[in-house]
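Please look at the structure below with two topics in mind: the surroundings of the ligand and the packing of the interior. The text that follows takes them in that order.

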Amino acid sequence: MTALSRTPSPLPLPQEDERCSADDRKRRTVTLFRTSPLLLDCGQPLLDVRVAYHTYGEAREEATLVLHALTGNSAVHEWWPDFLGAGRPLDPTQAYIVCANVLGGCAGTDGPSELGDLPISLRDMARVGRALLEHLGVRRVRVIGASMGGLLAYAWLLECPDLVARAVVIGAPVRHSPWAVGLNSAARAAIRAAPGGEGLKVARMVAMLSYRSPQSLAQTQVGQRRPGVHAVTSYLEYQGEKLLARFCERSYLTLTAAMDGFQPNDAELAAIRVPVLAVGISSDVLYPAAEVRAGAAAVPNATYWELDSIHGHDAFLMDSGDLPVRVGAFLHQG
Ligand SMILES: CC(=O)SCCNC(=O)CCNC(=O)[C@H](O)C(C)(C)COP(=O)(O)OP(=O)(O)OC[C@H]1O[C@@H](n2cnc3c(N)ncnc32)[C@H](O)[C@@H]1OP(=O)(O)O
Ligand SMILES: N[C@@H](CCO)C(=O)O
């Protein structure tokens, strides 16, 4: 990425930085906004925005766009095996599937270093996604996202309604609640108080509690793994270490702020005309099922379904039950 004031790129067209290989599970990158800038919601124009993405299946004008969660990435085959594959809701033998790493993250798309820590919004991410679809020759998408990806799906419905045929929103509200903003605020405060790694670990420990549930931890984290240390304590510490090894604290600050800033009003939601399947998770303490249901009621063509699991918010990854079948049936209608 370059700010508009920098010398424009001499090349007029999007530039594939890595060509498609025979292995379509390979991540590719492209530089977009080479002649006309991306105008961020914060007012800053950006030229030369690099986007990293995966595609699955043969290229078509209609695609299914997968929107990943906060610390997820575009390698859907790595984190959603229940959903991606022949006979599954995201079937590369039947559909063209696209997933891009979000702007502001740390998985190959321009992140805080390239953005100079500018604030970004979920709608900015959708604008980048629109440019990627244009580059890929995609004219219409079915969108599916969970957690932050679900919020981003709503951002797509507001920002690019002309492109979206239908949308699946899993474990996500229509706007970030004071509860969710509060959790993110505590996480960011931990990072700012202890930059360089320790803060990010604490942020992940707090976040993990919101991704599990009291019942889930009571079932999986009884007793001790290390003498004198509660199992749940060593579990959270381990999860903090795992995130530190694969994620970046500046992206954590940028992306959680983008989630917190997503506050569409009721009139905007009432203007959404696209069919939406909104999925709540019965034991989700981050985005309670009642909140997901109430939010969906504000969207005219939304249908609500609830995944019954004791495993909390991350059940969409860990205990998906009937969810793939429900999602497949909805995605392939119409
Ligand atoms: C729509 C989307 O985009 S979602 C994007 C997907 N998200 C991602 O890919 C991002 C991150 N991934 C995750 O969030 C997680 O990997 C999940 C939710 C998918 C699953 O989490 P996991 O950590 O694999 O599972 P779980 O929470 O059960 O923890 C298991 C790990 O904790 C360890 N562990 C379990 N209990 C304890 C304990 N008491 N003490 C220490 N370690 C423990 C296990 O040994 C295991 O270790 P391993 O990862 O080295 O095998
Ligand atoms: N566990 C997932 C979902 C959280 O929203 C992640 O780390 O991205």
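In this predicted model, 17 residues surround ligand 1, and those that come nearest are His68, Ala69, Gly72, Ala146 and Ser234. By type, the shell around ligand 1 is made up of eight nonpolar, seven polar and two charged residues. Helices α8 (231–246) and α12 (315–318) each contribute at least two residues to the shell, and α8 gives the most, with four. Domain 1 (2–176 + 262–331) and domain 2 (178–258) both supply residues to the shell, so ligand 1 lies between them.

The interior is the next topic. In soluble globular proteins, nonpolar side chains tend to be buried together. Here the largest nonpolar core has 103 residues, and Leu152 and Val169 have the most contacts inside it. Helix α4 gives the most to this core, with eight residues. The core also draws at least three residues from each of domain 1 and domain 2.

Helix α4 covers residues 148–159; at 1.5 Å a residue its twelve residues should span 16 Å, and the end C-alpha atoms are 16 Å apart, which agrees. Eleven of the twelve residues of α4 are buried, so the helix is largely enclosed by the rest of the structure. Among the buried residues are Met148, Leu152, Trp156 and Glu159. Their cover includes the strands β7 (62–67), β9 (140–146) and β10 (164–170), together with the helices α3 (122–136) and α9 (249–260). Leaving aside residues up to four places away in sequence, Leu152 touches Leu67, Leu122, Met125, Ala126 and Gly145.

Conventions:
Residues numbered from 1 in each chain as written. Chains lettered and ligands numbered in written order. Predicted model: local features only at pLDDT ≥ 70, side-chain atom pairs only at ≥ 80, totals over all residues. Expected span 1.5 Å × (residues − 1). Buried ≥ 20, exposed ≤ 12 C-beta atoms within 10 Å, placed from the backbone. Contact = placed C-beta atoms within 7 Å. Near = placed C-beta within 6 Å. Nonpolar A, V, L, I, M, F, W, Y, C, P; charged D, E, K, R; others polar. Domains from an automatic or database assignment. Core = buried A, V, L, I, M, F, W, Y, C linked by C-beta atoms within 7 Å.
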